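Trainee: I should like to learn how burial and salt bridges are read from a model. May we work through an example together?

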Amino acid sequence: MVSEPVAVRPPKPLFSNVSPAVPSPCISLCRLDEQKVCLGCLRHVEDIREWRSADDARRRVICTEAELRRRHS
């Protein structure tokens, strides 16, 4: 009995740092203040860590929170 080769797909990446829908707010000015908020993009360090695995909806929330920080600074 001869079996036919099975097409093997490469595994999907677990995360993607690049999203055409939600670009990273990083401006390469990476310094944290006392509250662990980046002085460049105004994301909290935990949001920066989460970015790679976040879906587009969560990334939009992170960007909105950063924009609110920018307006109140």
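Trainee: Is glutamate 46 buried, partly exposed or exposed?

Mentor: This is a predicted model. The class follows from relative accessible area, where buried means under 20% and exposed over 50%. Glutamate 46 has 42% relative accessibility, so it counts as partly exposed.

Trainee: With which residue do the side chains of glutamate 46 meet in a salt bridge?

Mentor: A salt bridge requires a side-chain nitrogen of Lys or Arg within 4 Å of a carboxyl oxygen of Asp or Glu. Glutamate 46 pairs with arginine 49, at 2.6 Å from N to O. The two are three residues apart in helix α1, which means a separation of about one helical turn. Arginine 49 counts as exposed, at 58% relative accessibility.

Trainee: Which salt bridge links distant parts of the chain?

Mentor: Aspartate 47 forms a salt bridge with arginine 69, with the closest N and O atoms 4.0 Å apart. This pair joins helix α1 to helix α2 across 22 residues. Aspartate 47 is buried at 8% relative accessible area, whereas arginine 69 is partly exposed at 28%. Both residues belong to a salt-bridge network that also includes Glu50 and Arg58.

Trainee: How should one read a positive phi, and where does leucine 42 lie?

Mentor: Most residues other than glycine have a negative phi. Leucine 42, although not a glycine, has a positive phi of about 65 degrees. Leucine 42 lies in the segment before α1 and is buried, at 11% relative accessibility. Serine 28 has a positive phi of about 60 degrees, but serine 28 is exposed, with a relative accessible area of 65%.

Terms used: Residues numbered from 1 in each chain as written. Predicted model: local features only at pLDDT ≥ 70, side-chain atom pairs only at ≥ 80, totals over all residues. Heavy atoms only, no water. Buried < 20%, exposed > 50% of the residue type's maximum accessible area, 1.4 Å probe, protein only. Helix = DSSP H or I, 4+ residues; strand = E, 2+ residues; numbered from the N terminus.
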